[in-house]
Amino acid sequence: MALSSSPDLASNALVNTFFDGDLIARTFPRLITEGLLNTVVIASGAIVVGVLIALLAAMLLLSDRWWIRLPARLYVDVFRGLPVIITVMLVGVGLPAAGIRPFGTDPFGYAILAIGIISGAYTAEIFRSGIQSVDPGQLQAARSLGLSYLKAMRLVVVPQGIRRVLPAMAGQFVKDIKESSLVYLLGLAAGQRELYFIAQEEVARTYNSSPLIAAGLCYLSLTIPMTYLVNRLDRRLREGPHRRAPASVEPDLPQPPVPSTAGEPR
Amino acid sequence: MSAAPQAPTAAALRVTALSKSYGGNTVLRDITIDIRRGETLCLIGPSGSGKSTLLKCLNLLEAPDSGEIWLGETCLTAPRADVDAARARIGMVFQHFNLFPHLSVERNVTLALTSVKGMGREQARQTALRRLDAVGLAGFADRRPAQLSGGQQQRVAIARALAMEPEVMLFDEATSALDPELVKDVLAVMRDLASGGMTMAVVTHEMGFAREAADRVAFMCDGHLAEIDTPDRIFESADHPRLRQFLSQVL
């Protein structure tokens, strides 16, 4: 029939499927009031768990003795090598089924643990490489002053090592935020829904993908500022503290960030 | 304790029959030497002769394979020796300064005071400012090490070591990494220390310093302690062929 109008229809369908303004506007309030907070809770919990595990695992990886390195090496290789979805299912469905229920029936706890375990495996290698890049003379100098090995590591070596890998850590934190969406697999009650879950419910109800775009924007509103913040902190630490810096020194536009995937094996 | 060897007397640091090797490569052979209280002992010798390794064995940054090290009445090489406590009594200054770049100059000096000696933050700060003042750097307390010249960094490193009030100071080629015009400030600080009665073991290539400031000079080659004598005898009437060869190359 009206052959000439079919490209218009097609492009309308495209726009309506992904960019239905009304639907996006209707989804946003729930994304922001409920989803954003829950995503932040899961992601930041996973980041904290991941960093703590990573600090321990990195110290073990740096040991001179193979039998101390071995468990950390196995942990890193296994959880970097497994698909994220398998780890999340094993922890979130497997553990409770086996009667191990440290978090009762709350999926948040299991999600934080699972994503934290995966994040820790990547972050351990990031920390290890950072700590190893610190001049051995730093440890020698600290020990020569009478500091014990652990104090020397904690006060002198580790702080320097971590500063060097901040951009790589920003990349890992971005991954943690994104992977927090996998809590979806564990089932969520009302009030617990995070960004992806809310969007997915809307998509199922309306058969329109625009809510996913809305949720995507919410994720970007977390991940992009975080990358810039970490890179700014990185620059600040590199250049030392700005004391009495004039207020006009800050540029209006942020500088392009250091590639944040530097520490990720691909 | 009954089997403990005799404690030394006048020596601040006593080394007996010390040996050290890396794999099949022996770097220290049967070194026996006393560092007397208040003396400045300079260690000279060709590179690879073992001087720096010997110095790092003295505070166990390198673990000797055999032999004994006594710090006053304390045997550092005993199986259950408190090595950390012993290191707190021995100051060390490194070729590349090894200041902690993430900490301010003041915190570099106070770190061990607060976390090893348990000194309060304010008292540690006063101690640090006094020690920095003594090396001419009182105004630099809030700077980062990277904002200082090499000579200034090395003087901070000396202040950091001295703040612990060590019984012995070890200098490992403390001026080798410095530009020539910065060497003299560091040497001046070391000279003051030596004339102030500090017990010092100094690995150095500065023959002028060894000649003027040392009470004794030890010449090492191939992991042996080949000669040890007053600077006059070492520099003016050396009869050891390797020492004469070495001196002809560096003087």
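## Ser210(A), tucked away

Let's start with one residue in this predicted model. Is Ser210(A) buried or exposed? Ser210(A) counts as buried because its relative accessible area is 0%, and the cut-off for buried is under 20%. You'll find Ser210(A) in helix α10, which covers residues 210-239 of chain A.

So what sits around Ser210(A)? Skipping neighbours within four places in sequence, Ser210(A) is in contact with Asn16(A), Thr17(A), Phe18(A), Phe19(A), Asp20(A), Leu23(A) and Ile24(A). With Phe18(A) there's a polar touch too: the side chain of Ser210(A) reaches the backbone oxygen of Phe18(A) at 3.2 Å.

## The whole chain

Now zoom out. Chain A has 10 helices and 0 strands, so its pattern along the sequence is just α repeated: α-α-α-α-α-α-α-α-α-α. Of its 266 residues, 43% count as buried.

Take the contacts in chain A with a separation of 6 or more: 77% of them join residues 24 or more positions apart. On the outside, chain A exposes about 14,200 Å², and carbon and sulfur atoms supply 66% of that.

## The largest pocket

How big is the largest pocket? Its volume is about 620 Å³. The lining has 22 residues, and the closest to the pocket's centre are Leu62(A), Asp64(A), Leu139(A), Tyr149(A) and Met153(A).

Which helices help build the lining? In chain A, α2 (21-61), α5 (107-132), α6 (136-144) and α7 (149-164) each supply at least two residues. Sorted by type, the lining residues come out as 14 nonpolar, 3 polar and 5 charged.

Notes:
Residues are numbered from 1 along each chain as its sequence is written. Chains are lettered from A and ligands numbered from 1 in the order in which they are written. This is a predicted model: local features need pLDDT of at least 70, side-chain atom pairs count only at pLDDT 80 or more; totals for chains, interfaces and linings use all residues. Side-chain values use heavy atoms; hydrogens and water are left out. On a 1 Å grid over the protein atoms alone, a cavity is a set of points where a 1.4 Å probe fits but cannot get out, and a pocket is an open set with protein on both sides within 12 Å along at least five of seven lines; lining residues have an atom within 4 Å of a point. Grid points are joined across faces, edges and corners, and a volume is the space filled by probe spheres set on the points. Helices (H or I, at least four residues) and strands (E, at least two) are DSSP runs, numbered from the N terminus. Ala, Val, Leu, Ile, Met, Phe, Trp, Tyr, Cys and Pro count as nonpolar, Asp, Glu, Lys and Arg as charged, and the others, Gly among them, as polar. Buried means under 20% relative accessible area, exposed over 50%, partly exposed in between (1.4 Å probe, protein chains only). Contact means heavy atoms within 4.5 Å. Accessible areas come from the Shrake-Rupley method with a 1.4 Å probe; for residues, only the protein chains shown count as cover. A polar contact is a pair of N or O atoms within 3.5 Å; within protein, one must be able to donate a hydrogen and the other to accept it, and residues adjacent in sequence count only if both atoms are side-chain atoms.
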